[in-house]
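Work through the exercises below with the sequence and the coordinates open side by side. Each task is followed by a solution that goes step by step.

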2 protein chains.
Amino acid sequence: MEHPDDTETNNETETKPDADTDETTYHSQLGIGKSAFEGLEPHFEHRNYEGLEYRHVPDYRRGVERGTVLIDGKVVRGFPKVPRTLVLKTGIPTQFDRNERIAVEEKLNGYNVRIAQLGGEQLAFTRSGMVCPFTTRLLRRLVDLADLFEAHPQAMVCGEMIGPENPYTAHEYPGVDSIAFRAFDWRDRESGDPLPVQERRERYEAFGVPQTPLFEIVDVDNAAASVQEIIRELDAENREGVILKSLDGNTLLKYTTSASTNSDLAYAFSLPFDYGQAFMFRRLLREGFQTVEWDEDDEDARERAHEVGESILCSMREAIQTVEDGDTLGERHTVRASDETIDVLFEHLRGQGLNIDIEDDYHEDGDRVVTFCKRTPSSNDTIRNYLDGHIVSE
Amino acid sequence: MEHPDDTETNNETETKPDADTDETTYHSQLGIGKSAFEGLEPHFEHRNYEGLEYRHVPDYRRGVERGTVLIDGKVVRGFPKVPRTLVLKTGIPTQFDRNERIAVEEKLNGYNVRIAQLGGEQLAFTRSGMVCPFTTRLLRRLVDLADLFEAHPQAMVCGEMIGPENPYTAHEYPGVDSIAFRAFDWRDRESGDPLPVQERRERYEAFGVPQTPLFEIVDVDNAAASVQEIIRELDAENREGVILKSLDGNTLLKYTTSASTNSDLAYAFSLPFDYGQAFMFRRLLREGFQTVEWDEDDEDARERAHEVGESILCSMREAIQTVEDGDTLGERHTVRASDETIDVLFEHLRGQGLNIDIEDDYHEDGDRVVTFCKRTPSSNDTIRNYLDGHIVSE
C-alpha cells in the first residue's frame, strides 16, 4: 500500500518565521535558483522534532521532490516518485534505453523511510519528510548504521520498514516476526543522486545492512518475459512486486502482483469512504491490463475477476456488517517497542490529528506490545448514514 | 443507465441575445423572483429547433429543475431528480410519511422524455431539456397524444423510451421489438406538479397511452419486504427496478436490481475512461448494501461478488483486447425509422460534437435501419497509450 502518509494532517504545523540562519544556502544545496526557492517557501510545512526546527515539502511540487527536508542548514532530498507501467513488454522499452541492463529487485510492502545523519544523530524521515520518532528510535535496534555514516556522512539510506508489527503498513514476510528494515537505495542526502546498483549492494553488504532481494540483471529485450516469471512467483507468495532499475540507479520502474492489487482493493473497500475512488480505479485497471498482457483464457480471466469481485464486495460487506453491529471500523495495527518508543509513536500519531483507540496493551520480554486502531470517521459515519436510510440524490 | 445526456457537448449553443419577448413572465411562470431568474440566466443554454429559439438548463441548479426549458414564451418544467435509497427498510420510512400509502411502479431502463404541446406541435424533450428531433418524430407512430393534449393542453407527458432499437439506452423488453413509449408520470408543464398516481393511471388508460406497470399499493410499514420480493423477481428477469411514489405523486424514491447494477458496471468498464469513477463507485456501494440488507450468507455474497468481478474485469478485458486488435471502442446502437427521422437523428448527434460511424445501413419495410457507433475517444486513446507502454506517475 502507498498510504502511510495519506492520513497526515497538519496539526503540528507552526507558521512562525523560520529561525534558520542558513536560508541563503538552501537554494544552492537544492540546485535551484533563489527565486524558485522563494516560490517553494509557501509550500513548506514547519515542524519541530524534540526542539529541532525543520521544514519539509509534504506534497508534490515542481522543482523539488516531495518529502524534501530543510533541517539545521542541511537538505535531505525527497525520495523520487517511482513510475509504473501497466504493460511490461512496452513499458520497459519506453522507460529504459535500448541497450541498457536492468536490475530487478523486490518491491517490499511496508513504508518508505530515509535515514540521514544530522548533527551526529540518525533521523528517519517518512515519505512526506516528517521525522518519524518511532522509526528513528526503533531503527537503532534493527540495524547499526554507525560505521556507514562515519565513512559516508552524506549518505541517505533509503529502505522499507516491513513486517507484521508495523504502525503504518503491516504485511507478513517469512522470517520477520515483528518489524525489520530492508535497504533498497543509497542516495546522496543533498543531491539525491543514487549509487549504481552493484556498488550500493556491495556497500550495504560490507556494512552488514539487510537489503531487498535482487532477482537478476537482464537486458531490456529479455526483461518483460523474465519479470513476468518473477511476478508469477511473487504473486503465489502474496508478495508485492518488483522495482526495475538501470544499473546506474537513475531510472526506476515498478510493477506489482495481482495479489498485491487485490489486497489493496480489499483494504480500500473495507474502508470505502476513506480511500479515494481513483485509488480503487487505478488498481482495477492494473488487473485489466495484466490479464490481457498475460494472454489469459476465459477461464483464467474469470478466476481473476472472481478474486477482484471478492476483494471489493466481501470486504465492503464485512465493513457494513461491522457498523451494523455497532462496532467501529478503523485501521488496526500492532507495534512492539520500548515504553518510550511507544509513547512517542502515539504522541506523533495523535499530533497529526489521528484518533487512536488502544485495544490491547501489555508487556512482553521488556517490550510494550500495543494493538491500536486509527479511527476512520468517514467510513463509519457514511455507512451508518446509509444504514439509517439516508436518501441519495444521484 | 442514467446517461443519455451525459455525452452532450454544447456545439449547438448560441450565445446571441435572446429574441424572446416574454422574458418578463418567465420568472413568474417558474415561481421564482426576478433576481433569482437573472441569477439563472448565465446557466441557460441557447438552442434552436427548426427555427424555434429556446433555452434550457442543462445542469442541476438551485431554484429550478435540471432540464427546464423556456420556449416561445412558455415554460417546460424539468423532471425532478429521483432520490435513491441503498437500504429499503430504513430508506422508505425516511422518505415517506408514517401513514402514507405507496404505489410501487416499475422503473424501466430506457431514456427519459417529456412531451409537451407548444404552438400546436408536440415536442419531446430530453432529460437535460433539449428537443430531441428523433423522439419528437418517432413518437407520432408510437402513441397518439392528440386527444390528450386537446383535453389537457397544459399536460407534460413524462415517460421512458424503451427497447432494443434505441439511440441512447438499448435494453430488451418482452414484446418490444424496436422502440416503445411507456408513460410513468403526468405533470403540469409549467409548475411541474404531478397528478395523483391513480388519477394519472386512469387518464392514460382512457387516452390509450401505454404505461409502466404498477405492481402494488402498500403501506409504508409493509413496503420494504414487499419491494424486496418484487426486486428479486425483476432481477431474475434482468429488469431495472422500481419507483416508489406517494399516492399524491409528490414523493419519489427509486431502488434497483443487482442485474441492473451489474449491467451498468459492465457497460462502464467496457469504456473505462469515458465513465466517471464516481459512477462506478456508487454502483459498487449498492451491491454492498444490498447483500447486507438481504442478509445473504457467505456463499450467496461470494456469488454476488463473482458477478461484480466479472462485470468489471471481463468487460474491461474485452475493451483492452478490442483496442489491441486495432478495432475501435464505442457505444453501438441500432435505430429503425423513416429516412427523414434517421437523418435528423444523426444531424442532432453530430451537432452535439459526437463522432458517429455508420456500421450498417439498409431499408426494411419502408424504414431505414441503421447501426451506428458513437466513438468514445478517451477510452480508445488511453487504452492505446497504456498498451504502448505509457508510464504512469502515481
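A residue is called buried under 20% relative accessible area, exposed over 50% and partly exposed in between, with a 1.4 Å probe and protein chains only. This is a predicted model, in which local features need pLDDT of at least 70 and side-chain atom pairs count only at pLDDT 80 or more, while totals for chains, interfaces and linings use all residues. Residues are numbered from 1 along each chain as its sequence is written, chains are lettered from A and ligands numbered from 1 in the order in which they are written, and side-chain values use heavy atoms, with hydrogens and water left out.

**Exercise 1. Describe the overall build of chain A, and state what share of its residues count as buried.**

Step 1: of the 394 residues in chain A, 57% count as buried. Step 2: the C-alpha trace spans about 60 × 55 × 50 Å along its principal axes, and the radius of gyration (over C-alpha atoms) is 22 Å, which agrees with the value near 21 Å for a compact globule of 394 residues, the globule rule being 2.2 Å times the number of residues to the power 0.38. Step 3: chain A has twelve helices and 17 strands, where helices (H or I, at least four residues) and strands (E, at least two) are DSSP runs numbered from the N terminus. Step 4: taking a contact as heavy atoms within 4.5 Å, residues 24 or more positions apart account for 68% of the contacts in chain A with a separation of 6 or more.

**Exercise 2. Determine how chains A and B are related, and which C-alpha of chain B is nearest the axis.**

Step 1: chain B is superposed on chain A by a rotation of 180 degrees with 0.1 Å of shift along its axis, at an RMSD of 0.1 Å; the fit is by least squares on the C-alpha atoms of residues with pLDDT of at least 70 in both copies. Step 2: the two copies are therefore related as by a two-fold rotation axis. Step 3: in chain B, the C-alpha nearest the axis belongs to G309(B), 1.8 Å from it. Step 4: because 100% of the interface residues of chain B are also interface residues in chain A, the copies meet through the same surface.

**Exercise 3. Locate the largest nonpolar core and identify the residues with the most contacts inside it.**

Step 1: a nonpolar core is a set of buried Ala, Val, Leu, Ile, Met, Phe, Trp, Tyr and Cys residues joined through side-chain atoms within 4.5 Å. Step 2: the largest one has 56 residues, with F289(A), I383(A), F289(B) and I383(B) having the most contacts inside it. Step 3: the elements that give two or more residues to this core are α8 (258-270), α9 (277-293), α10 (298-324) and α12 (377-387), in chain A together with chain B. Step 4: leaving aside residues up to four places away in sequence, I383(B) touches residues including F289(A), F273(B) and L329(B).

**Exercise 4. Characterise the surroundings of K74(A): is this residue buried or partly exposed?**

Step 1: K74(A) lies in strand β4 (residues 74-76) of chain A. Step 2: its relative accessibility is 31%, so K74(A) counts as partly exposed. Step 3: beyond residues up to four places away in sequence, K74(A) touches Y26(A), Q29(A), V69(A), L118(A) and R189(A). Step 4: D72(A), in the loop between β3 (69-71) and β4 of chain A, has a positive phi near 55 degrees although it is a residue other than glycine.
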